[in-house]
Amino acid sequence: MNRPLGVTVSRYILDNQRLHPEATGELSSLLSELIVAAKTISAEVNMAGLADIIGLSGKVNVQGENVQKMDEFANNTIKKRMASCGYLCAMASEEDEDIIPVVDGYEGKYTLAFDPLDGSSNIDVNVSIGTIFSIHRRRTSLTMGQGAKEDLLQKGSEQVVAGYIIYGSSTMLVFTTGDGVHGFTLDPSVGEFFLSHPNLKIPARAKYFSINEGNSQYWDDSIKRYISYVKEIDEADGRPLSARYIGTLVSDFHRNLITGGIFLYPSDTKDAGKPSGKLRLLYEAAPFAMLIEQAGGRAITGDGRNILDIEPESLHQRVPLIIGSKHDVDTVENFLLEG
Ligand code: AHG
Ligand code: MN
Ligand code: MN
């Protein structure tokens, strides 16, 4: 569908719903609630430097990392708003060890997994951060009321919506319902997201490579060889690629989506070793994998699996992630296959 610019996200969602006569409107309402939470977080993020909210809260999350106050604020904002929206049966958050129940009497047919604030180490240095979300249809019957863990432990290929909000030089919402990837920019003066990037497609070839090179001594030889390869001079092949690494997955992904790029967080042997990489399947890798495939790119683990095909075993499961422009993910895959 050709949509004019200036379309609000609410209008876009309603138009989309009309294309699906079987839709009940619940998913649309669920998204609208989530967007309100996103706007609340965006306003708070913009105030972070002023409101003395920056800094450690003194708590540690389930990953053993320090929880910053903004993480807590974002987590509570999403939990409180979504628990009584009436469309969810359970939630999972990076900041909560167990599944999060919804308010009794408000159970619905979807689940929400989210990373309330991604890139939290960048909050107090004024570098962009984000929120990531993933929505599935519940597996258990609606008559069960509250959802169970199995409702959340579903493959990425079963997602009905995946997206993120980036709190950058402007706030943007980017999401897919399986009908392409669309980006909306928040006009803070009216508090509305407007369609600014319809039907985003990632360029087939990467301009940038994004990896934490500080970990290079801990990588497998094949990753070391691939990263040396992208730095070789071969102008006809578009190499060397340029390096960009923000350390906020949302922002690294967003830039690479727009300009063409490849992001890697492979398994490594740092500390006790990250045999499964660092990033989490349910609320980091899987939603980005759906987005990238919808935008014409690819997302793999590097050990022969597509991210979207992984059957999750636990809520906070980690997974190696190689994601971006198709040509470049194919190339990494060849390096890994050669061993
Ligand atoms: P979070 O702030 O939600 O814990 O996520 C941080 C993640 C991700 O955003 C980023 O890509 C990655 O950590 C960076 O890790 P390194 O600092 O190890 O490079
Ligand atoms: Mn994160
Ligand atoms: Mn986080």
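**Figure 1. Buried donors E94 and D115 at the manganese ion (ligand 3).** In this predicted model, E94 is buried, and D115 is buried as well. Both residues serve as donors to the manganese ion (ligand 3), E94 through OE and D115 through OD, and the set is completed by the O atom of L117, with distances of 2.0 to 2.3 Å. Read along the chain, these donors follow the spacing E-x20-D-x1-L. Because E94 sits in the loop between strand 3 (88-93) and strand 4 (100-101) while D115 belongs to strand 5, the pair ties together parts that are 21 residues apart in sequence.

**Figure 2. The manganese ion (ligand 2) and its three donor residues.** The manganese ion (ligand 2) is coordinated at 1.9 to 2.2 Å by D115 (OD), D118 (OD) and E284 (OE). In sequence, these donor residues have the spacing D-x2-D-x165-E. Distant parts of the chain are linked in this way by the pair of D118, in strand 5 (residues 110-118), and E284, in helix 7 (residues 281-294), which are 166 residues apart. D118 and E284 are both buried.

**Figure 3. D115 as the bridge between the two manganese ions.** Which residue bridges the manganese ion (ligand 3) and the manganese ion (ligand 2)? The bridging residue is D115, and the two ions that it joins lie 3.7 Å apart. On the side of ligand 2, D115 acts together with D118 and E284, whereas on the side of ligand 3 the accompanying donors are E94 and L117.

**Figure 4. Helix 7, the element that carries E284.** Helix 7 is mostly covered, with 12 of its 14 residues counted as buried. The buried residues run through L281, L282, Y283, E284, A285, A286, P287, F288, A289, M290, L291 and I292, and E284 among them is a donor to the manganese ion (ligand 2). Just after helix 7, G296 takes a positive phi of about 95°.

**Figure 5. The largest cavity and its nonpolar lining.** The largest cavity has a volume of about 40 Å³, and it belongs to a count of 2 cavities of 30 Å³ or more. Its lining is made by L31, L34, I35, A38, F133, I165, L173 and F175. Two elements, helix 2 (26-47) and strand 8 (171-176), give two or more residues to this lining, and helix 2 supplies the largest share, 4 residues. By residue class, the lining of the largest cavity divides into 8 nonpolar, no polar and no charged residues.

**Figure 6. The second largest cavity, with a lining that includes polar residues.** For the second largest cavity the volume is about 40 Å³, and the residues that line it are I202, F253, N256, L257, G261, F263, I292, I323 and G324. Helix 6 (249-259), strand 13 (261-265) and strand 15 (321-324) are the elements that each give two or more residues to this lining, the largest share, 3 residues, coming from helix 6. The lining of the second largest cavity divides into 6 nonpolar, 3 polar and no charged residues. I292, one of the lining residues, is also among the buried residues of helix 7.

**Figure 7. C85 and C89, two cysteines outside any disulfide.** The count of disulfides in the model comes to 0. C85 takes part in no disulfide, and the cysteine sulfur nearest to its own, that of C89, is 10 Å away, a separation to be set against the 2.5 Å within which two cysteine sulfur atoms are taken as a disulfide. C89 likewise is in no disulfide, its nearest cysteine sulfur being that of C85. Are these cysteines buried or exposed? C85 has 10% relative accessibility and therefore counts as buried, and C89, at 0% relative accessibility, counts as buried too.

**Figure 8. The protein chain as the setting for the close-ups.** The protein chain has 8 helices and 15 strands. Its radius of gyration is 19 Å, close to the 20 Å that the globule rule gives for 339 residues, so the chain is as compact as a globular protein of that length. The C-alpha trace spans about 60 × 45 × 45 Å along its principal axes. Of the 339 residues of the chain, 53% count as buried, and the donors E94 and D115 are among the buried residues, as are D118 and E284.

Terms used: Residues numbered from 1 in each chain as written. Chains lettered and ligands numbered in written order. Predicted model: local features only at pLDDT ≥ 70, side-chain atom pairs only at ≥ 80, totals over all residues. Heavy atoms only, no water. Donors = N, O, S within 2.8 Å, 3.2 Å for Na, K, Ca; no water. Buried < 20%, exposed > 50% of the residue type's maximum accessible area, 1.4 Å probe, protein only. 1 Å grid on protein atoms, 1.4 Å probe; cavity = no way out; pocket = protein on both sides within 12 Å on 5 of 7 lines; lining within 4 Å. Points joined across faces, edges and corners; volume = space filled by probe spheres on them. Nonpolar A, V, L, I, M, F, W, Y, C, P; charged D, E, K, R; others polar. Rg over C-alpha atoms; globule rule 2.2 N^0.38 Å.
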